[in-house]
Protein chains: 2
Amino acid sequence: MDVKKQATIVDVAKKAGVSVATVSRVVNGNYPVKQDTKERVKEAISSLNYVPNVQARELNTRKSSTIGVVVPGLHNMFFAEVIDGIEDAVRQDGFSFLLNCAKNDPVQEMNAINALVARNVSGIIVISPNTKNISERFYEELVARVPLVFINGYHRIKGVSYVGNDEKLGSQIALEYLFGLGHKDIMFVRGANSDSYDIKEEAYRQFMEENGTLREDYILNIGEGNGVETVDSAMEALQGLIPRLKPTAICCCNDLMAVGALNACKRLGLSVPKDISIMGYDNISLSRLVEPKITTMDQNMFQLGSNAAKLLIENIHGGQSKRIMLDNVLIERETTGISM
Amino acid sequence: MDVKKQATIVDVAKKAGVSVATVSRVVNGNYPVKQDTKERVKEAISSLNYVPNVQARELNTRKSSTIGVVVPGLHNMFFAEVIDGIEDAVRQDGFSFLLNCAKNDPVQEMNAINALVARNVSGIIVISPNTKNISERFYEELVARVPLVFINGYHRIKGVSYVGNDEKLGSQIALEYLFGLGHKDIMFVRGANSDSYDIKEEAYRQFMEENGTLREDYILNIGEGNGVETVDSAMEALQGLIPRLKPTAICCCNDLMAVGALNACKRLGLSVPKDISIMGYDNISLSRLVEPKITTMDQNMFQLGSNAAKLLIENIHGGQSKRIMLDNVLIERETTGISM
DNA sequence: TATCACACAGAAATCGCTTTCTATTTTAGC
DNA sequence: GCTAAAATAGAAAGCGATTTCTGTGTGATA
């Protein structure tokens with residue numbers, strides 16, 4: 001491929017008959033330059049299609065306007081929506097971001113992070129559903145060199161910024177809501193290996209112990225899986241379990257599982273919410289595209305992402321690390337109703 | 001925030017008592033270094049947590065292992081799935097990628113591309129649903145400086161690589177399939193401002209003229225909108241139109257519109273596919289999460305993305321530009337049936 | 001023992017930019 | 001009209017790496 005060489009500042013300087021310093025000054029506008037020199041330089045710039053080399057500039061100034069983002073993947077719309085929020089905030093501050101998918105694998109997550117450090121990113125946002133797999137040491141050393149913001153999860157490392165939801169409280173709200181509708185036989189559906197699921201299960205156990213009876217067989221773990229897989233495995237498992245366990249409500253750890261539960265009910269000929277109520281979590285767009293629309297807890301992923309990005313940029317500019325907790329609000333839709 | 005300064009090659013050289021050249025050689029392993037010197041250097045490296053500065057390296061070698069990706073946004077899972085494919089292919093070759101969302105705005109698209117060029121990416125992948133808004137000149141000049149791969153759309157610029165689907169053929173296949181099921185009264189649903197919609201409408205018009213009667217009122221343009229919006233506007237428009245126009249099938253330009261159509265039918269009390277058939281396009285994961293599952297044309301977005309990334313990297317390494325056309329295959333599911 | 005090749009390591013140039021430090025003009029003030 | 005202070009522009013150092021060019025020490029060969 002015949003790639004034309006990019007014009008450099010030297011080319012521009014030559015063409016305009018000035019020094020490189022002057023070109024730099026025209027480009028950055030941080031130093032007085034006479035009007036007609038300025039125009040000559042600008043002309044040279046546009047005629048050569050000159051675009052300053054960001055790498056050289058950043059090498060010189062020891063600043064970088066790129067941040068890194070590590071997510072498990074994009075199969076789950078949850079992450080896509082978070083990234084949307086990050087993108088929005090990041091661009092407003094003239095930053096760019098490198099995206100890496102770690103596929104829920106701690107080794108890939110560490111590799112991704114190291115690659116980002118080598119690329120000189122000025123900060124990193126990490127969404128790691130399962131923090132227990134990575135040593136605290138790793139993160140402690142990391143945060144000594146580059147500002148870090150975690151989104152969700154069990155992060156307790158000192159000096160690390162964090163944006164998350166109080167998922168324990170959110171789960172309580174969801175359960176109280178179902179309880180208020182008269183439900184006592186509430187199943188709980190979760191997946192494997194995620195801090196978030198653990199938090200929610202804890203909330204479920206506590207709530208059921210205090211407000212009813214905790215039945216171990218009401219706790220369903222559908223194992224690993226992302227995106228469509230989650231929906232299918234929830235559906236398959238519940239199709240077998242619902243007739244036997246006869247819950248009046250199903251409280252799911254995320255909307256994908258709720259869609260699976262919904263599909264299971266449809267196949268079993270159960271009417272939702274008349275015969276059984278279903279509750280999701282997250283409020284991904286999918287939850288309002290299915291019929292009936294799913295009642296869920298809104299995590300506001302866009303906010304999660306944009307808050308994380310803003311906080312990171314604040315930290316990059318020297319701000320204190322912070323923990324931001326967002327509220328989860330209940331979105332009442334069509335899959336929940338009074339228990340008969 | 002107290003960020004520790006990264007160790008540089010000079011620090012390592014000093015600590016190991018060698019020259020920077022030697023350190024560089026140990027790091028890159030492209031030149032003989034005596035065993036015990038090598039070990040001293042490696043020790044210094046790990047004790048200082050030295051990570052070579054990629055920017056400096058790339059500035060010097062005039063190579064960059066970062067590519068840029070420009071998409072309209074992530075609201076539509078279509079793009080998320082394409083990016084998944086890109087990420088996968090890119091990582092395998094040791095590249096990273098910068099992601100930019102252009103929000104269907106030509107100005108933002110050009111800005112995003114310029115930002116990427118300035119960041120010295122070694123290639124760019126562009127998914128631009130509406131190519132008519134950007135001058136060919138812009139792209140012609142761009143491709144002279146950096147390898148480019150377009151995904152989908154009407155791109156005819158010489159020397160530019162392209163990965164896409166034959167959406168005209170795909171649409172024909174879809175229509176033939178519906179026709180084969182006995183449908184003659186087929187509505188066509190599209191959105192505004194997209195090459196892809198234009199191509200599909202063209203196929204629809206041609207097919208209907210040749211195989212039935214083309215009714216202008218059967219062509220529905222639901223306007224702009226992304227993600228959830230698309231579903232809702234399709235639903236609203238069709239809810240009014242279906243009772244009046246009485247189509248036996250609805251052929252949609254993408255799965256979001258098909259979900260909208262499906263929801264409209266549900267509200268109208270029509271049974272799908274008994275009373276009316278619905279056909280989507282793309283095969284995004286959503287299409288098989290709703291009930292009934294949507295019959296659709298598979299675009300295999302993951303392949304689209306990974307092929308584009310592989311082709312781009314090939315081009316970066318000097319390969320010829322190419323046009324790759326993928327097949328769209330019909331995925332028969334539950335929303336289509338014989339016309340009564 | 002003299003010679004040659006090779007293994008190894010350092011000095012220095014270079015990548016494209018920013019930014020001091022200096023050297024000129026202008027302009028202002030009196 | 002003369003001096004002081006801006007305004008303007010260039011030269012050169014430096015950011016952190018790679019790589020060429022050079023110069024050693026060492027072993028093999030004759």
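A polar contact is a pair of N or O atoms within 3.5 Å. In this predicted model, A:Asn60 places a polar side-chain atom 2.9 Å from a base oxygen of DNA strand C, and that separation falls within the cut-off of 3.5 Å. Chain B also reaches a base: a polar side-chain atom of B:Tyr31 lies 2.8 Å from a base nitrogen of DNA strand C. The backbone of the strand is approached by B:Thr37, with a polar side-chain atom 2.4 Å from a phosphate oxygen.

DNA strand C is surrounded by 29 residues, and B:Thr37 is among the closest, together with A:Ile9, A:Arg25, B:Arg25 and B:Arg62. This surface comprises 12 nonpolar, 12 polar and 5 charged residues. Helix 2 and helix 4 of chain A, as well as helix 2 and helix 4 of chain B, each contribute at least two residues to it. On the DNA side, sugar or phosphate accounts for 62% of the strand C atoms within 4 Å of the protein, and bases supply the rest.

The two protein chains also meet each other. Their contact involves 63 residues of chain A and 64 residues of chain B, and about 5,600 Å² is buried between them, 52% of it from carbon and sulfur atoms. Between the chains there are 26 residue pairs in polar contact, both residues being at pLDDT 80 or more. Helix 4, helix 5, strand 2, helix 6, helix 10 and helix 11 of chain A each give two or more residues to its side of the contact. Helix 5 provides the largest share, 7 residues. By class, this side of chain A has 28 nonpolar, 20 polar and 15 charged residues.

How values were computed:
Residues numbered from 1 in each chain as written. Chains lettered and ligands numbered in written order. Predicted model: local features only at pLDDT ≥ 70, side-chain atom pairs only at ≥ 80, totals over all residues. Heavy atoms only, no water. Contact = heavy atoms within 4.5 Å. Buried area = accessible area lost by both parts, 1.4 Å probe. Polar contact = N/O pair within 3.5 Å; in protein donor to acceptor, adjacent residues only side chain to side chain. Helix = DSSP H or I, 4+ residues; strand = E, 2+ residues; numbered from the N terminus. Nonpolar A, V, L, I, M, F, W, Y, C, P; charged D, E, K, R; others polar. Near = heavy atom within 4 Å.
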